[in-house]
Amino acid sequence: MNNIIGYTFVVLGLMFDIIGCIGLIRLPDVYNRLQATTKCVTMGTCSILFGTLIIKGFTATGLKAFLCILFLLLTAPVAAHALSRGAHISGVKLWDKSVCDKYEEDK
Amino acid sequence: MISRLILFVIGFFIWTMLSWPPDLQHAIIGVIVAAFVAFITGDLFTSRPANFAHITRYLWFVYYVPVFLWECFKANIDVALRVLNPKMPIKPGIVKVKTSLKSDTALTFLANSITLTPGTFCVDISRKEGVLYIHWINVKSTDTEQATKLIVEKFERILKRIFE
């Protein structure tokens, strides 16, 4: 039973990872691409790790997977934040059809 | 000093989990390493160690986790649908939102939560004015007040009780 639930999470995670990668290619500018990669890839990878935790239980492997989830949730948004801020400060423009850019106005 | 002690306990706990199953060798190394890290970076860890003694903060944190995970899950479905839709219904832009949170930890958690939830991520924070700049994949309102209500409020309410 644990195996079935675990593998469901792993497959779900892989699906989200693939969607994240498709988003990386399809979306127009740096910021939108970061949207797809941070959200889908974080959730996808966490889901895979969570599946591992369920399959393995609270053993050496499972606990490490659990810790990886925590670290990923704490660090992935920080990386996205740093990348987007860096991109904006070094002058990367938003997509043509963007609605507004309050950050540029306030500089 | 108390700050260092808390960091030591957390560090040693994480070390034990990483080197599971526990044995004497790992425990000794863990104590040395955790003590070293706590000694070097202890005073940076928290400025108000008294907060760690408040039970209600932990209870609010336990409540925060499922709220956050549910928002995170919705975010993924939302972004995934936008990516897979052949017309790509996106309307991106950077909006400005206000926050009343002051402490570093609270702001970090707020920014992280915003980044992992529906179509929004944090570009920059100005702590002096209490302003966050948010990139929104589907801008519903360019007005600061309205955007604040839509993006920040649901987390702010809980985070204020945990970290402030």
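## Close-up views of a predicted two-chain model

**Figure 1. B:Ile14 and its partners in chain A.** Apart from neighbours within four places in sequence, B:Ile14 is in contact with A:Leu67 and A:Phe71. Do keep in mind, here and in every view that follows, that this is a predicted model. B:Ile14 belongs to helix H1 of chain B. Is this residue, B:Ile14, buried or partly exposed? B:Ile14 counts as partly exposed, because its relative accessibility is 25%. For a sense of scale within chain B, the C-alpha atoms of B:Ile14 and B:Val123 are separated by 31 Å, with their positions 109 residues apart along the chain.

**Figure 2. Annotated spans of chain B.** The unreviewed UniProt entry places the feature "transmembrane region" at residues 5–21, 27–46 and 58–77 of chain B. Take residues 5–21 of chain B: the span is 82% helix and 0% strand, and its end C-alpha atoms lie 24 Å apart. Residues 27–46 of chain B are 95% helix and 0% strand, with 25 Å between the end C-alpha atoms.

**Figure 3. Annotated spans of chain A.** For chain A, the unreviewed UniProt entry gives the feature "transmembrane region" at residues 6–28 and 40–58. Residues 6–28 of chain A are 91% helix and 0% strand, and 35 Å separates the end C-alpha atoms of that span. Over residues 40–58 of chain A, helix accounts for 89% and strand for 0%, while the end C-alpha atoms are 26 Å apart.

**Figure 4. The surroundings of A:Asn32.** Helix H2 of chain A, residues 30–56, holds A:Asn32. How accessible is A:Asn32? The relative accessible area of A:Asn32 is 0%, so the residue is buried. Leaving aside neighbours within four places in sequence, A:Asn32 is in contact with A:Leu27 in its own chain and with B:Ile90, B:Pro92, B:His135 and B:Ile137 in chain B.

**Figure 5. The interface of chain B and chain A.** Here you can follow the meeting of 42 residues of chain B with 43 residues of chain A. Together the two chains, B and A, bury about 3800 Å², and 72% of that area is on carbon and sulfur atoms. The interface of chain B and chain A has 12 residue pairs in polar contact, both residues at pLDDT 80 or more. On the chain B side, the elements giving two or more residues are helix H1 (2–18), helix H3 (55–84), strand E1 (93–98), helix H4 (104–115), strand E2 (120–126) and strand E3 (131–136). Which element gives the most to the side of chain B that touches chain A? That element is H3(B), with 10 residues. By class, the side of chain B that touches chain A has 28 nonpolar, 11 polar and three charged residues.

**Figure 6. A salt bridge between the chains.** Side chains of opposite charge can pair when their charged atoms come close. Across the interface of chain B and chain A there is one salt bridge. The partners are A:Arg85 and B:Asp124, whose side chains meet at 3.0 Å, N to O. The pair runs from helix H3 of chain A (residues 60–89), which holds A:Arg85, to strand E2 of chain B, which holds B:Asp124. With a relative accessibility of 34%, A:Arg85 counts as partly exposed, whereas B:Asp124 is buried, with a relative accessible area of 11%.

**Figure 7. Salt bridges along helix H3 of chain B.** The whole structure has three salt bridges over all chains, and two pairs in this helix are the subject of this view. The side chains of B:Lys74 and B:Glu71 meet in a salt bridge at 3.8 Å, N to O. What separates B:Lys74 and B:Glu71 along helix H3 of chain B? About one helical turn does, because the residues B:Lys74 and B:Glu71 are three residues apart in the helix. B:Lys74 is partly exposed at 36% relative accessibility, while B:Glu71 is buried at 9%.

The side chains of B:Arg82 and B:Asp78 also meet in a salt bridge, at 3.4 Å, N to O. These residues, B:Arg82 and B:Asp78, are four residues apart in helix H3 of chain B, so about one helical turn separates them. In this pair B:Arg82 is buried, with a relative accessible area of 14%, and B:Asp78 is partly exposed, with 26%.

Note on methods
Residues are numbered from 1 along each chain as its sequence is written. Chains are lettered from A and ligands numbered from 1 in the order in which they are written. This is a predicted model: local features need pLDDT of at least 70, side-chain atom pairs count only at pLDDT 80 or more; totals for chains, interfaces and linings use all residues. Side-chain values use heavy atoms; hydrogens and water are left out. UniProt positions are given in the numbering used here, feature names are shortened, and annotations may be inferred rather than shown by experiment. Buried means under 20% relative accessible area, exposed over 50%, partly exposed in between (1.4 Å probe, protein chains only). Contact means heavy atoms within 4.5 Å. Buried area is the accessible area (1.4 Å probe) that two parts lose on being put together, summed over both. A salt bridge is a side-chain nitrogen of Lys or Arg within 4 Å of a carboxyl oxygen of Asp or Glu. A polar contact is a pair of N or O atoms within 3.5 Å; within protein, one must be able to donate a hydrogen and the other to accept it, and residues adjacent in sequence count only if both atoms are side-chain atoms. Ala, Val, Leu, Ile, Met, Phe, Trp, Tyr, Cys and Pro count as nonpolar, Asp, Glu, Lys and Arg as charged, and the others, Gly among them, as polar.
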